[in-house]
Amino acid sequence: MLLSTISNVTAQVHYNDIRTMVILPAYTQTQRPVESTVSQSTRDFCRNDSCFFISSSTQNRKVRHDYSAYLHFSLDAIPEGAIIDTVDLIIYLNKVKNTSSVFEQGVNLYELNSARGDQIINISDSSSSAIALVSKDDIGRAIHLQPDIVDGETWVSRKKGNFFCILAAEEAETYGYYTERIGNLPKQPKLVISYHMPANQVRQKSWPQYKYDAQHTAMLGWQTNTTATGFKLNSIITTSNGDVIKSDPLINNDQVITAYQASTPPFSRLLMLSQQGRLIREANIESLGIVKFGPFADRKGDIHCVIGQTGNTLAMLNQGGAIMPVTKTLENSAQTTAAPVIGFDGSIYLSTNNGIYAYTPQPQCKLKWVYTANKNTFGTAALDESEQTVYVYDGAGGKIIAINSLDGSTKWEASIGTTFAKDVPVPSVKGGTVCVTNGQIKGSSLFMIDAGSGRIHTSIKSTADAISQPVIGTNKVFIINNGQLQSYLLTNGSQLPTPAVTGLNPASSLVLDASEHVYIVNPEEGKQSLTLVSPGAVTFPTMTIFDANGYLTGNRLVLTPEGNLLTGNDNRLFSVHPSGFALKEKIDIPFANADEFQSEYLYRSEGAVNVAGKTVTSRQNIVIHSGTAINFSKGFSVQMGGTINCKTGF
């Protein structure tokens, strides 16, 4: 039963950390207002359009802005409702014209209310909003122009979606600056925005956390008040006649989405199903070709795929699977080699045979930078909570590399020692700690690395192939080690008490919710099963998974906000639903008669759930699951923007 869905928002956790995003210019141009009065040597110096130029001279003791720069940045990629903390326009000096002046150029930033069009902007009587001195002796130094932010909540709306500006100088100097046209990606102009979401702003859409989905390793499923006591298995997809499930399942707007390769036309399809297996829509994506990686979704719910036999093209589809006129062929014939990662702002990070490619959000999808190392044997990248750092395992070098997400520069390297030619492990990161096993499925060691410095502060050693991939909880990391579930504190690696469950397969997939219920799926053919380990438990509900037709694929274990699981392989896709709860009695919510419901919370009981006459606010999202009945008191309401999803029975 779905009581009310005022919008499509289905979120998991509060997501108001301070984050950083990079916006590349939509347009850069040199203004040349009085070129006929400029000296020939200056004109010759400023002739190359690959740069923009800032040049001034004096006439009758007055400054004349011979050349100034016009820049335009689109603000469309900034998340809706974001509160802006800082704005930093970064430019880089390319060359300096030799003059007799002893002064260095000071660049002034003049903000405009609208696009320049064909007119020449006269800034003689204007006031600049930022200034930065430029060192001609240290050309490699970044120049930061940082206007004051008076009202971060309205900054984007006041700009009407665009940032227009003029850069000019008062000194009689002539300098040339990098543009995106010059080919040096890290030194192209960039607008760096630091922002946070309101304190009660939830993350939009469904971004569940699951194994190998590195973009979500810092996120958790919803909290819940009780644990499942058993499970039932539901088959969503069973292939036949040579059909193949081509992708990991994606949960997006409460739908299960997967790429499907059929043996009859249309060969390439995108299937959208309910979690019970009902086909909602089948999108024909034959014109795109074979899906290599994806689908994966951005925070808006739009769907992205890497397509082509070599994975050399990015494609974007809308929430319904309709093909949008947005495709991006990777530069320099790059071929994607691992699953992509998409950030909160929509930035896309691809591991390719040419290096790590970092793109701005679709539809612009401009290349921010390329990181190369050794043989470019990278696994999937991972983002920290602020998205200022990209972490990736360099398979050829046997090390974890931390990359600055702003410009692609190296922050640090940490040697793991184990090299890979393929199937490179994926790091997980949260709370200032990077966790990685020296094997994509299982290994002999777990390393815990300080995310800021690259110092390995803890190494958990075991026998060969005895340690599973890690999964990170609120403040600890869980692994299987020699058949036992173990947990370690993220900050210092100290081992913590864990329920005494044994006989676990280190090749298992692990996921957990924010209440630290750990779900473990053994993928091995003939032994396939699900085990639930709850905090403090002494018994562990287990369910056999029959007829999987081959090994279950490790990265196809997904935990949904409703407390369901998805698992499968290229032949089968299953959903797993609770068949009972430890809590049998009726409950009244919100608990303790609190003023508000708890957002990103799964209220569950086998007994009735009595809902008080209170309001689910515009930024709250809850799920209620009762084994018998859900009763709503007079006065209960849902504000526009909030969601409540209700289910009764098993």
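A residue is buried when its relative accessible area is under 20%. In this predicted model, Ser68 has a relative accessibility of 4% and therefore counts as buried. Ser68 belongs to strand S5, which spans residues 62-74. Beyond its neighbours within four places in sequence, Ser68 is in contact with Gln29, Thr30 and Gln31. Its other contacts of this kind are Phe53, Ile166, Leu167 and Ala168.

The overall architecture was examined next. The protein chain holds two helices and 56 strands. Its radius of gyration is 27 Å, and the globule rule gives 26 Å for 650 residues, so the chain is as compact as a globular protein of that length. Along the principal axes, the C-alpha atoms fill a box of roughly 90 × 60 × 55 Å. Of the 650 residues, 59% are buried. Among contacts with a separation of 6 or more, 58% link residues 24 or more positions apart.

The largest nonpolar core contains 35 residues. Strand S6 (residues 83-96) supplies the largest share of this core, five residues. The residues with the most contacts inside the core are Ile78, Leu89, Leu145, Leu167, Tyr177, Leu191 and Ile193. Leu89 has a broad set of partners outside the four places on either side of it in sequence. Among them are Leu71, Phe73, Leu109, Ile143 and His144. Leu145, Cys165, Leu167, Lys190 and Leu191 are also touched by Leu89.

Strand S7 covers residues 106-112. Six of its seven residues are buried, so S7 is largely enclosed by the rest of the structure. S7 pairs with two strands described here. Four bridges link S7 to strand S8 (residues 130-133) in the antiparallel sense. Within this pairing, Gly106 stands opposite Leu133 of S8. S7 is also joined to strand S10 (residues 162-169), again antiparallel, by six bridges. There, Leu109 stands opposite Leu167 of S10. Leu109 and Leu167 are both touched by Leu89, and Leu167 is also in contact with Ser68.

A further segment carries a database annotation. In an unreviewed entry, UniProt lists residues 336-522 as "domain: Pyrrolo-quinoline quinone repeat". Over these residues the chain is 0% helix and 46% strand. The end C-alpha atoms of the segment are 29 Å apart. An open sheet of four strands runs in the order S24-S25-S26-S27, with antiparallel pairing. Its edge strands are S24 (341-342) and S27 (367-371), each of which pairs on one side only. Strand S26 (residues 355-359) is joined to S27 by four bridges. Ala358 has Trp369 of S27 as its bridge partner.

Arg604 offers another view of the interior. This residue lies in strand S50 (residues 601-605). With a relative accessible area of 1%, Arg604 is buried. Which residue's side chain makes a polar contact with the side chain of Arg604? It is Thr224, at 3.2 Å. Arg604 also touches Asn225, Thr226, Thr227 and Ala228. Further partners include Gly563, Pro578, Phe581, Leu583 and Ile587. His625 is touched by Arg604 as well. Arg604 and His625 are 21 residues apart in sequence, yet their C-alpha atoms are 4.8 Å apart in space.

How values were computed. Residues numbered from 1 in each chain as written. Predicted model: local features only at pLDDT ≥ 70, side-chain atom pairs only at ≥ 80, totals over all residues. Heavy atoms only, no water. UniProt positions renumbered as here; feature names shortened; annotations may be inferred. Core = buried A, V, L, I, M, F, W, Y, C linked by side-chain atoms within 4.5 Å. Buried < 20%, exposed > 50% of the residue type's maximum accessible area, 1.4 Å probe, protein only. Contact = heavy atoms within 4.5 Å. Polar contact = N/O pair within 3.5 Å; in protein donor to acceptor, adjacent residues only side chain to side chain. Pairing = 2+ DSSP bridges. Rg over C-alpha atoms; globule rule 2.2 N^0.38 Å.
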